[in-house]
2 protein chains.
Amino acid sequence: MVNSAEIPFVIVKAIFPGLTQLDFTGPNTVFSRLPNVKTIVASAAGGAIESDGGLIVAGTQRLTDIERCDLLFVPGGVAVTNAMNDAAFKSEIRRLAADARYLTSVCTGSLILAAAGLLRGRKAACHWAWREILPLFGAVIDDARVVRDGNIITGGGVTAGIDFVLVIAAELSGDGTAQAIQLGIEYAPAPPFNAGRPDTAPPDVLARVKSGIEAMLAKRFAAAEAAAKATASG
Amino acid sequence: MVNSAEIPFVIVKAIFPGLTQLDFTGPNTVFSRLPNVKTIVASAAGGAIESDGGLIVAGTQRLTDIERCDLLFVPGGVAVTNAMNDAAFKSEIRRLAADARYLTSVCTGSLILAAAGLLRGRKAACHWAWREILPLFGAVIDDARVVRDGNIITGGGVTAGIDFVLVIAAELSGDGTAQAIQLGIEYAPAPPFNAGRPDTAPPDVLARVKSGIEAMLAKRFAAAEAAAKATASG
């Protein structure tokens with residue numbers, strides 16, 4: 001257990017316009033139930049941040065106003081390439097990461113960590129559809145649902161964030177507390193279909209999803225290449 | 001498939017101060033990805049609504065401003081007994097429910113539907129810790145993760161909302177679309193522990209959680225009894 005001290009363990013959740021809200025809200029539920037933590041929702045500009053699903057998250061702090069944190073968490077989202085090319089956002093991520101005990105992400109949040117130059121030679125998870133972008137920044141793809149490489153803990157796509165955050169809960173507060181939180185959020189999943197991964201989804205469903213994102217994949221690779229150049233020269 | 005028409009299928013998510021955000025944000029992710037839907041986040045007063053976990057949801061519409069909906073969804077939350085005793089909120093829930101094709105809830109949201117007088121003689125799911133309150137309103141406890149009784153579909157505690165909403169996605173848009181959304185949110189859960197239900201959690205973890213909520217359970221029963229009297233006389 002690392003957060004049993006009297007000084008609260010500070011968790012900063014760095015979000016951005018166009019995030020996928022469940023990447024953030026799944027982990028947020030568990031982070032906020034941990035004992036002895038102070039959790040902060042922050043963004044580059046502060047204030048209200050619009051996510052997918054028509055959800056607007058109000059009252060975020062400004063990243064520049066946060067002195068330091070023990071754990072930095074970055075979700076992904078439909079506008080991830082904007083965040084990957086936002087020099088100010090990445091600069092704050094790098095600053096907070098430098099002093100953090102844990103550097104974490106869910107979904108395409110790992111692409112932001114990678115674009116900030118923080119995953120060179122490190123293994124990371126990412127949403128299955130976008131993980132081939134990781135090597136552009138020298139990161140190593142790992143297709144596990146939750147991946148740990150030293151002090152870097154990353155989760156796969158969207159709902160992987162709940163498994164990811166329970167792993168972190170156990171790390172920070174012990175198995176018993178993680179299990180108590182799991183019981184509190186009744187996390188005994190029973191999906192009505194076995195379609196959550198490319199290797200288990202019906203082939204026609206996989207083909208449909210892949211075809212639906214084909215154009216976006218090309219755009220994201222192009223945007224990621226621009227970010228990779230900036231990272232290399234920055 | 002019921003939402004293939006040219007007129008969008010209207011989904012209203014009725015939230016309240018002190019909701020459990022993941023009860024709402026899990027389902028919200030899938031609702032908003034369905035084809036041909038119009039989704040609305042609403043509350044009694046409109047505007048910003050504070051949830052657990054330090055999350056503030058901005059820009060909710062006022063329930064009284066919504067003419068009708070096809071599906072009404074109500075999440076639960078730590079302040080559920082306030083909502084159960086809020087006559088104006090319950091009145092709007094009843095009004096929208098009267099014309100809705102589906103009446104739905106997750107977690108203790110079913111207690112709000114029950115307190116609004118909408119579950120008499122109907123089977124419903126609820127968070128495991130609070131479901132004994134349902135019979136105060138004539139509802140029948142069902143401990144399944146997703147429960148269907150006619151046009152009423154209810155989910156269990158917090159994370160059950162993701163299983164619940166995929167069942168609804170299949171009902172509204174067909175299995176293929178539900179599976180494509182499941183693949184898009186990479187919902188292939190892999191909990192690090194098997195502690196998500198009272199019958200699978202380690203006994204000491206269950207005892208700890210039960211002891212932690214004992215006082216709140218007594219308070220909620222008292223508040224629910226007050227609500228039940230109001231419902232019976234209302």
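**View 1. Cys107(B), a buried loop residue with positive phi.** In this predicted model, Cys107(B) has a relative accessibility of 5%, under the 20% cut-off, and so counts as buried. Look for Cys107(B) in the loop that links strand 6 (102-106) with helix 4 (109-115) of chain B. Its backbone is worth a glance too: phi of Cys107(B) is near 60°, which is positive although the residue is not glycine. Most residues other than glycine have a negative phi.

**View 2. Val158(B), another loop residue with positive phi.** Here phi is near 35°, again a positive value in a residue other than glycine. Val158(B) sits in the loop between strand 10 (152-155) and helix 5 of chain B. Is Val158(B) buried or exposed? With 3% relative accessibility, Val158(B) counts as buried.

**View 3. Helix 1 of chain B, enclosed by its surroundings.** Of the 11 residues in this helix, 11 are buried, so helix 1 of chain B is largely enclosed by the rest of the structure. Among them are Phe24(B), Val30(B) and Phe31(B), together with Asp23(B) and Asn28(B). As you trace the helix, keep its periodicity in mind: an α-helix has 3.6 residues a turn, so residues three or four places apart point the same way.

**View 4. Strand 4 of chain A beside strand 4 of chain B.** The two strands run antiparallel and are joined by three bridges. To find your bearings, start at Ile56(A), whose bridge partner in strand 4 of chain B is Ala58(B).

**View 5. The interface of chain B and chain A.** Contact between the chains involves 59 residues of chain B and 59 residues of chain A. About 5000 Å² is buried between them, with carbon and sulfur atoms giving 61% of that area. On the chain B side, Leu183(B), Glu186(B) and Phe193(B) lose the most area to chain A, together 16% of what that side buries.

**View 6. Polar links and the chain B side of the interface.** The rule finds two salt bridges across this interface. One of them pairs Asp52(A) with Arg33(B), where the closest N and O atoms are 3.7 Å apart. Between the chains there are also 34 residue pairs in polar contact, both residues being at pLDDT 80 or more. Which elements of chain B each supply at least two residues to the side touching chain A? They are helix 1 (21-31), strand 4 (56-62), helix 5 (160-173), helix 6 (175-184) and helix 7 (203-233). Helix 6 gives the largest share, nine residues. By type, that side of chain B comprises 31 nonpolar, 19 polar and nine charged residues.

How values were computed. Residues are numbered from 1 along each chain as its sequence is written. Chains are lettered from A and ligands numbered from 1 in the order in which they are written. This is a predicted model: local features need pLDDT of at least 70, side-chain atom pairs count only at pLDDT 80 or more; totals for chains, interfaces and linings use all residues. Side-chain values use heavy atoms; hydrogens and water are left out. Contact means heavy atoms within 4.5 Å. Buried area is the accessible area (1.4 Å probe) that two parts lose on being put together, summed over both. A salt bridge is a side-chain nitrogen of Lys or Arg within 4 Å of a carboxyl oxygen of Asp or Glu. A polar contact is a pair of N or O atoms within 3.5 Å; within protein, one must be able to donate a hydrogen and the other to accept it, and residues adjacent in sequence count only if both atoms are side-chain atoms. Helices (H or I, at least four residues) and strands (E, at least two) are DSSP runs, numbered from the N terminus. Ala, Val, Leu, Ile, Met, Phe, Trp, Tyr, Cys and Pro count as nonpolar, Asp, Glu, Lys and Arg as charged, and the others, Gly among them, as polar. Two strands pair if DSSP finds at least two bridges between them. Buried means under 20% relative accessible area, exposed over 50%, partly exposed in between (1.4 Å probe, protein chains only).
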